[in-house]
Amino acid sequence: MLILGVETSCDDTAAAVLQDGRTILANVVSSQDQVHGPFGGVVPELASRQHIQNILPIVDGALQKAGIKLADLDGMAVTYGPGLVGSLLVGLSLVKGISFRSGIPYVGVNHLEAHLLAIHLEHEVVFPYIALLASGGHTLLYRVDGVADYLFLGGTRDDAAGEAFDKVAKMMGLGYPGGRIIDQLARNGDAKAIRFPRARFLKNSYEFSFSGIKTAVWHYLKECDRQDIERCQADIAASFQEAVVDMLVQPAVRAAVQHSVPRIVLSGGVAANSRLRASMKEKAAGAGIDVFYPAPKFCTDNGAMIALAGYHSLQRGRRDDFQLNADADLTL
Ligand code: KG4
Ligand code: ZN
């Protein structure tokens with residue numbers, strides 16, 4: 001079964017071809033980092049326009065790389081939410097158009113579900129598992145009992161973890177997207193140099209909050225002169241990152257222990273963070289919990305995870321009609 005997966009929910013234009021739900025024949029991504037970089041964040045209008053330019057070459061490129069033609073496809077999957085509505089509409093309209101013309105069935109995919117299942121592209125992980133989904137737009141904790149069987153445990157009260165990385169990088173003048181840059185810089189820094197505050201919640205809650213740490217870094221930078229900031233850049237990055245990582249690790253490990261689930265899966269762009277991966281492994285190991293994470297290219301937005309989620313929907317007999325619309329606030 002050959003499935004085309006198309007993803008345009010934010011600022012990555014991505015397409016992939018997946019065979020039988022396990023073999024990735026092609027996975028092509030065009031990132032818009034250069035376009036949004038000067039603004040320090042995604043500009044929705046520009047993102048839609050870039051998707052329009054990129055989508056056909058990206059889909060063509062994926063088919064070519066997979067060595068197949070459109071007519072060989074058994075189905076298509078496309079993100080229809082959540083995300084930026086103008087961006088979502090580009091991928092959705094293209095897939096609906098192809099489906100209308102060719103008769104190839106398609107399904108709309110929930111972007112969050114695709115992130116939760118991305119781990120299965122590379123690893124055999126049995127259900128249930130605790131999934132931490134941390135990206136530029138979301139910070140969510142689920143117990144995943146099976147495909148289409150998700151128990152919401154908690155989420156962020158304000159900013160997403162990736163958003164905090166991006167905003168702190170912008171304050172420090174490091175560039176966009178900030179997560180990867182801070183991750184790199186922090187490797188040469190002392191994570192104990194500055195004690196940034198960690199948000200605290202009731203013992204049994206699985207909530208997150210990242211606006212406080214963002215403000216704390218802002219105040220810290222305001223007190224320093226430019227030379228201090230340049231000299232201590234790596235220490236600031238490492239100390240900030242350590243605080244974010246602590247706030248992500250603790251609820252995830254606690255959820256695994258309290259739900260007697262001996263597995264944690266990381267997903268979303270922030271799951272590419274080297275310190276998060278190491279710290280989660282370390283803290284979970286103490287409680288006898290295994291930790292799994294996708295390769296960085298499957299943590300950030302990609303077409304392969306969309307194809308995989310779509311594969312499961314199509315296998316269950318789901319088909320979408322041409323009334324399906326983009327849903328910017330789609331939940332799981
Ligand atoms: O999943 P994703 O590609 O897009 C969304 O659905 O949001 O995640 C992008 C986010 C950005 O905020 C980016 O800064 C962050 O993931 N990110 C990282 C790393 N790589 C990407 N954050 C921390 N460390 C990284 N290595
Ligand atoms: Zn995403």
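Trainee: In which strand is Ser30 found?

Mentor: Ser30 is found in strand 3, which runs over residues 23-31. Keep in mind throughout that this is a predicted model.

Trainee: Why does Ser30 count as buried?

Mentor: The relative accessibility of Ser30 is 17%, and buried means under 20%, so Ser30 counts as buried.

Trainee: Which residues is Ser30 in contact with, leaving aside its neighbours within four places in sequence?

Mentor: With those neighbours left aside, Ser30 is in contact with Asp11, Asp12, Thr13, Asn54 and Ile58.

Trainee: What makes the pairing of the side chains of Ser30 and Asn54 a polar contact?

Mentor: The distance between the two side chains is 3.3 Å, and a polar contact needs a pair of N or O atoms within 3.5 Å, one able to donate a hydrogen and the other to accept it; the pair is therefore listed as a polar contact.

Trainee: Turning to the metal, which residues coordinate the zinc ion (ligand 2)?

Mentor: The zinc ion (ligand 2) is coordinated by His111 and His115, each through NE2, and by Asp301 through OD, at 2.1 to 2.2 Å. Donors are N, O and S atoms within 2.8 Å of the metal, so these distances satisfy the cut-off. In sequence the donor residues follow the spacing H-x3-H-x185-D.

Trainee: Why is the site of the zinc ion (ligand 2) called irregular?

Mentor: The angles among its 4 donor atoms run from 93 to 146 degrees. Four donors count as tetrahedral if all angles lie between 85 and 135 degrees, and as square planar if opposite donors are over 155 degrees apart; the value of 146 degrees fits neither condition, and therefore the site is irregular. One caution belongs here: water is not among the atoms, so sites may look incomplete.

Trainee: Where do His111 and His115 lie, and are they buried or exposed?

Mentor: Both lie in helix 4 (residues 111-117), 4 residues apart, which is about one turn of the helix, and both are buried.

Trainee: Which residues come nearest to ligand 1?

Mentor: Of the 21 residues around ligand 1, Gly136, Asp166, Gly179, Asp183 and Asn273 come nearest. Asp166 is also one of the buried residues of helix 5 (residues 161-171). A polar backbone atom of Gly136 is 2.8 Å from an oxygen atom of ligand 1, a polar side-chain atom of Asp183 lies 2.9 Å from a nitrogen atom of the ligand, and a polar backbone atom of Gly269 is 3.1 Å from an oxygen atom of the ligand. Taken alone, ligand 1 exposes 560 Å², of which the protein buries 90%.

Trainee: What covers the buried residues of helix 5?

Mentor: The cover includes strand 6 (129-134), strand 7 (139-146), helix 6 (178-186), helix 7 (211-223) and helix 8 (226-258).

Trainee: Why is Arg275 described as partly exposed?

Mentor: Arg275, in helix 9 (residues 274-286), has a relative accessible area of 24%; buried means under 20% and exposed over 50%, so this value falls in between and Arg275 is partly exposed. Its side chain makes a polar contact of 2.8 Å with the side chain of Glu242. Not counting residues up to four places away in sequence, Arg275 touches Asp183, Gln241, Glu242, Val245 and Glu282.

Trainee: What is the value of phi of Asp20 and of Ser260?

Mentor: Phi of Asp20 is near 50 degrees, a positive value in a residue other than glycine, and phi of Ser260 is likewise near 50 degrees. Most residues other than glycine have a negative phi, which is why positive values are worth pointing out. Asp20 lies in the loop between strand 2 (12-19) and strand 3, whereas Ser260 is found in the loop between helix 8 and strand 9 (263-267).

Trainee: Why does Ser260 count as exposed, and why is Asp20 partly exposed?

Mentor: Ser260 has 63% relative accessibility and Asp20 a relative accessible area of 40%. Exposed means over 50%, and partly exposed lies between 20% and that value, so Ser260 counts as exposed and Asp20 as partly exposed.

Trainee: Which residues does a cis peptide bond join?

Mentor: One joins Gly81 and Pro82, with omega about -10 degrees, and another joins Tyr176 and Pro177, with omega also about -10 degrees. Pro82 is in the loop between strand 4 (75-81) and helix 3 (85-102), and Pro177 is in the loop between helix 5 and helix 6.

Notes
Residues numbered from 1 in each chain as written. Chains lettered and ligands numbered in written order. Predicted model: local features only at pLDDT ≥ 70, side-chain atom pairs only at ≥ 80, totals over all residues. Heavy atoms only, no water. Donors = N, O, S within 2.8 Å, 3.2 Å for Na, K, Ca; no water. Tetrahedral: all angles 85-135°; square planar, octahedral: opposite > 155°, others 65-115°. Helix = DSSP H or I, 4+ residues; strand = E, 2+ residues; numbered from the N terminus. Buried < 20%, exposed > 50% of the residue type's maximum accessible area, 1.4 Å probe, protein only. Contact = heavy atoms within 4.5 Å. Near = heavy atom within 4 Å. Areas by Shrake-Rupley, 256 points an atom, 1.4 Å probe, with all protein chains shown as cover.
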